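Let's take a walk through this model together, one neighbourhood at a time. Have the viewer open and follow along.

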Amino acid sequence: MSGMTQYERMEAGLIYDPRDPEIMEEQFPLQDQLWEFNRLKPSDLAAKEAYMKAVFAECGDNCYIELPFHANWGGRHVHFGSGIYANSNLTLVDDGHIYVGDAVMFGPNVVVATPNHPIDPALRAKGYQYNKDVHIGENTWIGAGVIIVPGVTIGKNVVIGAGSVVTKDIPDGMLAMGVPCRIRRPVGDHDREFFYRDERVDWENL
């Protein structure tokens with residue numbers, strides 16, 4: 001592996017130098033495109049969709065991002081399914097890959113990070129980092145102000161409470177919250193009956 005370029009090391013999830021000229025030559029134009037994207041008007045829906053389809057690694061249909069949106073690579077390493085909604089100030093630190101399933105909702109000020117830095121001070125002083133991919137399953141709701149750290153997998157039909165810091169994997173169908181984020185209970189019959197405290201879902205009117 002000693003003959004690998006820094007770009008190849010980045011792609012392999014190894015420690016690498018993110019300031020390498022080959023990496024920056026590809027990254028800067030994407031950041032410039034993102035700067036233009038963030039200047040769009042709220043009503044520029046077609047232009048928003050065109051950006052996501054062109055720049056993201058993958059993007060399904062009916063995805064919406066409330067600007068501003070932040071991403072280290074402009075979304076180049078972001079894989080969106082369909083029907084995704086992201087509120088304002090979503091930050092996808094996409095040096096590594098971020099996989100988001102269909103119908104995921106992001107509250108405002110969510111951070112999903114893939115890069116990390118070595119704990120060893122000598123390595124960190126050289127500016128080295130490494131990236132670990134993040135996976136978020138379909139129909140999951142990520143509450144406002146949530147932070148998801150590198151390498152985490154969140155299952156489908158999960159709710160992550162506002163302000164949580166997700167440091168470990170969360171399986172399917174769970175309500176989880178806290179710092180660090182912990183599973184509180186499964187999502188189930190109670191949630192089909194009550195939508196907020198003791199207020200019942202009026203299914204017959206929906």
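Keep in mind that this is a predicted model. Start at Arg-185, which is partly exposed, since its relative accessible area is 31%. Arg-185 pairs up with Asp-191 in a salt bridge, with 2.9 Å between the closest N and O atoms. Asp-191 counts as partly exposed too, because its relative accessibility is 27% and the partly exposed class runs between 20% and 50%.

Right there you'll also find helix H5, residues 189–193, which holds both Asp-189 and Arg-192, three residues apart or about one turn of the helix. In an α-helix there are 3.6 residues a turn, so residues three or four places apart point the same way. The side chains of Asp-189 and Arg-192 do meet in a salt bridge, at 2.3 Å from N to O. Asp-189 is exposed at 59%, while Arg-192 is partly exposed at 47%.

The count of salt bridges comes to six. Another of them joins Glu-36 and Arg-39, at 3.8 Å from N to O. Glu-36 is partly exposed at 44%, whereas Arg-39 is exposed at 55%.

Now swing over to helix H2, residues 21–37. Its 17 residues should span 24 Å at 1.5 Å a residue, and the end C-alpha atoms sit 25 Å apart, so the two agree. At the start of H2, a side-chain oxygen of Asp-20 comes within 3.1 Å of the backbone nitrogen of Glu-22. Ile-23, Gln-27, Leu-30, Leu-34 and Phe-37 are buried in H2, and their cover includes helix H1, helix H3 and strand S3.

Methods
Residues are numbered from 1 along each chain as its sequence is written. This is a predicted model: local features need pLDDT of at least 70, side-chain atom pairs count only at pLDDT 80 or more; totals for chains, interfaces and linings use all residues. Side-chain values use heavy atoms; hydrogens and water are left out. Helices (H or I, at least four residues) and strands (E, at least two) are DSSP runs, numbered from the N terminus. The expected span of a helix is 1.5 Å times one less than its number of residues. Buried means under 20% relative accessible area, exposed over 50%, partly exposed in between (1.4 Å probe, protein chains only). Contact means heavy atoms within 4.5 Å. A polar contact is a pair of N or O atoms within 3.5 Å; within protein, one must be able to donate a hydrogen and the other to accept it, and residues adjacent in sequence count only if both atoms are side-chain atoms. A salt bridge is a side-chain nitrogen of Lys or Arg within 4 Å of a carboxyl oxygen of Asp or Glu.
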